[in-house]
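Trainee: Please take one part of this model and go through it closely. I would like the surroundings of the second ligand, and then the sheet.

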Amino acid sequence: MKILITGGSGYIGSHTCVELLNAGYEIVVVDNFLNSKAESMNRVRRITGKDFKYYEADLLNKDALDVIFSENNISAVIHFAGLKAVGESNNFPLKYYQNNVTGTINLCEIMKKYGVKKLVFSSSATVYGSTNQVPIKEETILGAENPYGRTKLMIEEILRDLYHSDQSWSIALLRYFNPIGAHESGLIGEDPKGIPNNLMPYIAQVAVGRLSSLSVYGNDYPTLDGTGIRDYIHVVDLAIGHLRALEKVQCIHGINAYNLGTGIGYSVLEMVKAFEKASGISIPYVMKDRRPGDVAICFADVTKARIQLGWKASRGIEAMCRDIWRWQKNNPNGYNEELEIQHSDK
Ligand code: NAD
Ligand code: WQD
């Protein structure tokens with residue numbers, strides 16, 4: 001019996017593939033490589049010493065999904081595939097609704113056709129919108145602030161309706177806080193296309209010389225140093241959370257949402273300092289206005305995942321920063337080797 005990983009070539013998916021293979025699961029990956037490189041699949045093989053099949057296919061292509069299910073004895077699905085850039089979703093909302101929402105509906109239809117009813121879904125803390133009640137519990141009223149966030153919210157609702165129509169489904173909605181870090185091998189990590197939108201990949205690219213300085217968005221928040229506070233979680237801890245969720249959906253029916261974070265918040269400046277300490281490189285930064293849509297403070301109440309999944313993050317910001325730096329230093333241009341050659345020729 002195999003676990004299908006949609007979006008398995010991406011940042012969180014590739015780390016989850018490693019943990020699943022190391023735990024003895026057989027996996028099969030589907031990805032259209034829209035936001036990732038097939039090289040990450042080679043690296044997963046290198047880290048684990050295990051082989052697996054991957055399909056280059058789009059979730060919008062139901063026939064391709066049907067082939068994957070017909071060729072593999074799939075018992076459960078971990079569904080990462082989706083577009084995730086908040087800014088881009090404001091400019092191209094239809095693309096986001098189609099890719100994320102229609103892609104998920106297609107996947108569920110094919111799962112239903114093949115009688116596969118165990119699903120772990122990548123949701124996001126973005127479904128809590130602009131709540132200022134921290135720590136954030138799963139019961140907090142939901143309300144997303146942008147098209148990307150609304151795709152996650154809609155998918156959660158679609159999956160709830162699906163479960164209510166057929167209670168033999170088992171679904172875990174995993175609401176990630178701020179995933180950062182990389183595998184400790186330095187072989188896989190986050191490889192954003194273009195200029196990074198997120199804090200830590202941006203800092204890492206400043207450190208490696210691809211960007212000149214960090215813009216800190218806002219220093220007048222009601223926090224100790226005035227900069228925004230987030231709950232950063234090591235991607236390997238997050239990946240392990242998927243194993244616990246997979247075990248859960250394999251033994252109970254139902255639909256449950258779980259926060260995956262550390263429960264601890266750090267400010268932008270604290271993260272800059274932690275990265276400088278881990279890398280030995282100073283990160284120049286300039287203070288800028290607040291970024292529209294940002295909240296001051298966001299961190300998780302992780303009690304539910306601890307009690308119901310038996311999961312708790314164990315890696316701190318030192319390990320997160322050390323592992324980001326190892327990945328970025330060893331792969332200054334991410335998985336893009338051609339760029340790497342141009343870079344070293346300069
Ligand atoms: P990622 O972009 O690195 O990985 C997503 C993968 O899905 C990519 O490899 C992409 O090529 C693939 N994909 C996208 N649309 C597809 C489609 N229609 N068919 C097949 N493959 C498709 O992103 P990630 O950071 O690994 O995030 C994984 C999931 O977690 C996403 O659903 C994202 O919304 C969610 N999430 C991410 C974060 C974060 O900060 N990284 C936070 C919360 C939630
Ligand atoms: C963190 C902090 C910024 C960049 C986003 C998505 C969310 C989820 C996770 C998918 C904030 C500050 C950032 C920079 C900065 N993704 N910052 N300079 O906004 O908490 O969450 O990723 O579901 O939906 O919105 O993460 O890393 O962008 O920002 O000062 O260049 O860093 O203002 O305080 P965010 P982030």
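Mentor: Strand β8, residues 214-217, gives the most to the shell around ligand 2, contributing four residues. Keep in mind that the model is predicted. The shell holds 18 residues, and those that come nearest are Ser-124, Tyr-148, Ser-215, Arg-230 and Asp-294. Sorted by class, the shell has eight nonpolar residues, seven polar ones and three charged ones.

Two of the nearest residues also make polar contacts through their side chains. A polar side-chain atom of Tyr-148 lies 2.6 Å from an oxygen atom of ligand 2, and a polar side-chain atom of Arg-230 is likewise 2.6 Å from an oxygen atom of the ligand. Leu-199 contributes through its backbone: a polar atom there is 2.8 Å from an oxygen atom of ligand 2. As for cover, ligand 2 taken alone exposes 690 Å², and the protein buries 87% of that area.

Now the sheet. Seven strands form an open sheet with parallel pairing, in the order β3-β2-β1-β4-β5-β6-β11. The edges are β3 (53-56) and β11 (254-260); each has a single partner strand, so one side of each is left without a neighbour in the sheet. From one strand to the next, the twist averages 15°. One pairing can be followed down to residues: β1 (residues 2-6) and β2 (residues 26-31) run in the parallel sense and are joined over five bridges. Within that pair, Leu-4 has Val-28 of β2 as its bridge partner.

How values were computed. Residues numbered from 1 in each chain as written. Chains lettered and ligands numbered in written order. Predicted model: local features only at pLDDT ≥ 70, side-chain atom pairs only at ≥ 80, totals over all residues. Heavy atoms only, no water. Near = heavy atom within 4 Å. Polar contact = N/O pair within 3.5 Å; in protein donor to acceptor, adjacent residues only side chain to side chain. Areas by Shrake-Rupley, 256 points an atom, 1.4 Å probe, with all protein chains shown as cover. Helix = DSSP H or I, 4+ residues; strand = E, 2+ residues; numbered from the N terminus. Nonpolar A, V, L, I, M, F, W, Y, C, P; charged D, E, K, R; others polar. Pairing = 2+ DSSP bridges. Axes fitted to C-alpha atoms, helices over the stretch in contact; angles between N-to-C directions.
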